[in-house]
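Visitor: I would like to understand how the words used for a protein structure are justified. Could you take me through the reasoning step by step?

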Amino acid sequence: MQIETNSPEETFQLGKKLGLEAKPGSVYTLVGDLGVGKTVFTQGMAAGLGITEPVNSPTFTIVQVYDEGRLPFFHFDVYRIGDIEEMEEIGYEEYFYSDGVTMIEWANLIEEILPETYCEIRIEKDPQKGFDYRLITMEEVHRA
Ligand code: ADP
Ligand code: MG
């Protein structure tokens with residue numbers, strides 16, 4: 001599924017819609033360049049789950065846990081990860097294979113440990129279509 005947005009608010013609303021629909025145990029991945037809108041999308045998702053506290057990219061921790069919503073929400077940003085062992089150290093499996101909802105920014109950096117099934121969200125700019133234009137592609141991935 002592909003959707004075009006033309007403002008941060010529209011991207012937020014799309015994330016929010018997903019958050020309203022999200023089922024326990026689901027994993028979402030976000031792929032796209034720096035500043036493309038991954039965190040904006042995640043903030044929408046959190047709002048859809050009923051989380052009211054501010055959500056930002058975890059800077060010094062790889063994962064941030066939000067417990068106040070309809071389901072536990074685990075927000076990973078693995079941009080600064082050195083190697084997969086760091087994921088093992090945090091015990092990522094406890095999050096991925098839980099009854100919560102997991103969102104992973106920069107998931108392409110940890111592809112080898114992603115679950116068998118997840119929803120990949122790709123966000124891309126197109127300079128010809130304006131500064132605030134984003135093409136958002138959502139796809140269910142089943143790993144072999
Ligand atoms: P990332 O997490 O991918 O590095 P952020 O979500 O932190 O990116 O930042 C995205 C930036 O792009 C924000 O400053 C936001 O206001 C801006 N922006 C402009 N247009 C859009 C859009 N259509 N969707 C999302 N963000 C947008
Ligand atoms: Mg971010």
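Guide: Let us begin with a word that we shall need throughout: a residue is called buried when its relative accessible area is under 20%, and exposed when that value is over 50%. Please keep in mind that this is a predicted model.

Visitor: Which residues of helix α2 are buried?

Guide: In helix α2, which covers residues 38–48, the buried residues are Lys-38, Phe-41, Thr-42, Gly-44, Met-45, Ala-46 and Gly-48. These buried residues pack against α1 (8–21), β2 (27–31), β4, β5 (101–105), β6 (117–124) and β7 (134–142). The helix is followed by Gly-50, whose phi is positive, near 90°.

Visitor: What makes Leu-20 count as exposed?

Guide: Leu-20, which lies in helix α1, has a relative accessibility of 55%, and because exposed means over 50%, the word applies. Apart from its neighbours within four places in sequence, Leu-20 is in contact with Gly-48 and Arg-70. The C-alpha atoms of Leu-20 and Leu-71 are separated by 10 Å, although these two residues are 51 residues apart along the chain.

Visitor: Why are Phe-76 and Tyr-95 called an edge-to-face pair?

Guide: A pair of aromatic rings is described by the distance of the centres and the angle of the planes. For Phe-76 and Tyr-95 the centres are 5.5 Å apart and the planes stand at 80°; because rings pair when their centres lie within 6.5 Å, and planes over 60 degrees apart count as edge-to-face, both conditions are met. The pair links distant parts of the chain, with Phe-76 in strand β4 (residues 73–77) and Tyr-95 in helix α4 (residues 92–96), 19 residues apart.

Visitor: How do you know whether Phe-76 and Tyr-95 are buried or exposed?

Guide: Phe-76 has a relative accessible area of 0% and Tyr-95 has a relative accessibility of 18%; since buried means under 20%, the word fits each of them.

Visitor: What makes the pair of Phe-76 and Phe-96 edge-to-face?

Guide: The ring centres of Phe-76 and Phe-96 are 5.5 Å apart and their planes are at 75°, and because an angle over 60 degrees counts as edge-to-face, the pair earns that name. Here too distant parts of the chain are linked, since Phe-76 is in strand β4 and Phe-96 in helix α4, 20 residues apart. Phe-96 has a relative accessibility of 2%, so this residue counts as buried.

Visitor: Which residues form one aromatic cluster?

Guide: The cluster is formed by Phe-74, Phe-76, Tyr-92, Tyr-95, Phe-96 and Tyr-97, and a search of the whole structure finds seven aromatic pairs.

Visitor: Why does Trp-106 count as buried?

Guide: Trp-106 has a relative accessibility of 13%, and because the cut-off for buried is under 20%, the term applies. The place of Trp-106 is in the loop between β5 and β6, and its phi is near 65°, a positive value in a residue other than glycine.

Visitor: What makes the link between Thr-5 and Thr-11 a polar contact?

Guide: The side chains of Thr-5 and Thr-11 make this contact at 2.8 Å, and because a polar contact requires N or O atoms within 3.5 Å, the distance satisfies the limit. Thr-5 is found in strand β1 (residues 2–5) and, at a relative accessible area of 2%, is buried.

Visitor: How do you know that Glu-120 is buried, and with which side chain does Glu-120 make a polar contact?

Guide: Glu-120, in strand β6, has a relative accessibility of 16%, and since buried means under 20%, the conclusion follows. The side chain of Glu-120 makes a polar contact with the side chain of Arg-122 at 2.8 Å.

Visitor: Which residues are the closest to ligand 1?

Guide: Ligand 1 is surrounded by 16 residues, of which the closest are Thr-11, Gly-35, Lys-38, Thr-39 and Asp-132. An oxygen atom of ligand 1 is 2.8 Å from a polar backbone atom of Gly-35, while an oxygen atom of the ligand is 3.2 Å from an N or O atom in the side chain of Arg-134. Taken alone, ligand 1 exposes 580 Å², and the protein buries 75% of that.

Conventions:
Residues are numbered from 1 along each chain as its sequence is written. Chains are lettered from A and ligands numbered from 1 in the order in which they are written. This is a predicted model: local features need pLDDT of at least 70, side-chain atom pairs count only at pLDDT 80 or more; totals for chains, interfaces and linings use all residues. Side-chain values use heavy atoms; hydrogens and water are left out. Rings of Phe, Tyr and Trp (its six-membered ring) pair if their centres lie within 6.5 Å; planes under 30 degrees apart count as stacked, over 60 as edge-to-face and the rest as tilted. Helices (H or I, at least four residues) and strands (E, at least two) are DSSP runs, numbered from the N terminus. Buried means under 20% relative accessible area, exposed over 50%, partly exposed in between (1.4 Å probe, protein chains only). A residue is near a molecule or strand if one of its heavy atoms lies within 4 Å of it. A polar contact is a pair of N or O atoms within 3.5 Å; within protein, one must be able to donate a hydrogen and the other to accept it, and residues adjacent in sequence count only if both atoms are side-chain atoms. Accessible areas come from the Shrake-Rupley method with a 1.4 Å probe; for residues, only the protein chains shown count as cover. Contact means heavy atoms within 4.5 Å.
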